Amino acid sequence: NGDLIMINVPPLTEERRKGLAKQAKAEAEHAKVGVRNARKDANNEIKKTDVSDDMKKNSEEDVQTLTNTFVKKIDDILSVKEKEIMTV
């Protein structure tokens, strides 16, 4: 009618759903690698500082806790997205 463009999108096939789920897993793994690289960078910066060994250890534990938290969030988001993709 001049204001809208309507596109008919056919329903996803089982094969396409599996492909999208696989792609979502790959993106989640890419995100996890990014989190782990950030952890490595943070730990390297902590090691460069001139503070006591106890503070360095506590800081590294805090970084690991944050890493675990974000990896868990990524896994949770992935499981929800996979379920959404595979739902007919």
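1. In this predicted model, Asn43 is buried, its relative accessible area being 17%, and this places the residue under the 20% limit that separates buried from partly exposed positions. Asn43 belongs to helix 1, and, when residues up to four places away in sequence are not counted, Asn43 touches Glu60 and Val63.

2. The largest nonpolar core is made up of 7 residues, namely Ala24, Ala28, Val35, Val71, Ile74, Leu78 and Ile85. Helix 1 and helix 2, the latter spanning 53-86, are the elements that give two or more residues to this core, and helix 2 gives the most, with 4 residues. One member of the core, Ala28, is in contact with Ile74 and Leu78 once its neighbours within four places in sequence are left aside, and both of these partners are likewise listed in the core.

3. The count of salt bridges comes to 6, and one of them joins Lys25 to Glu82, with the closest N and O atoms 3.7 Å apart. Because Lys25 lies in helix 1 and Glu82 in helix 2, this pair ties together parts that are 57 residues apart in sequence. Lys25 is partly exposed, with a relative accessible area of 47%, and Glu82 is also classed as partly exposed, with a value of 21%; the latter figure may be read against the limit of under 20% that would make a residue buried.

4. A salt bridge within helix 1 links Lys48 with Glu45, where the closest N and O atoms are 3.6 Å apart. Since these two residues are 3 residues apart in helix 1, Lys48 and Glu45 are separated by about one helical turn. Lys48 is exposed, at a relative accessible area of 60%, whereas Glu45 is partly exposed, at 48%.

5. In helix 2, Glu84 forms a salt bridge with Lys81, and the closest N and O atoms of this pair are 3.1 Å apart. Glu84 and Lys81 are 3 residues apart, which corresponds to about one turn of the helix in which both lie. Lys81 counts as partly exposed, with a relative accessibility of 36%.

6. Finally, Pro10 is found in the segment that precedes helix 1, a helix covering 14-48. Pro10 is exposed, with a relative accessible area of 61%, a value that falls in the class defined as over 50%. The C-alpha atom of Pro10 is separated by 60 Å from that of Asp53, and the two residues are 43 residues apart along the chain.

Note on methods: Residues are numbered from 1 along each chain as its sequence is written. This is a predicted model: local features need pLDDT of at least 70, side-chain atom pairs count only at pLDDT 80 or more; totals for chains, interfaces and linings use all residues. Side-chain values use heavy atoms; hydrogens and water are left out. Buried means under 20% relative accessible area, exposed over 50%, partly exposed in between (1.4 Å probe, protein chains only). A nonpolar core is a set of buried Ala, Val, Leu, Ile, Met, Phe, Trp, Tyr and Cys residues joined through side-chain atoms within 4.5 Å. Contact means heavy atoms within 4.5 Å. A salt bridge is a side-chain nitrogen of Lys or Arg within 4 Å of a carboxyl oxygen of Asp or Glu.
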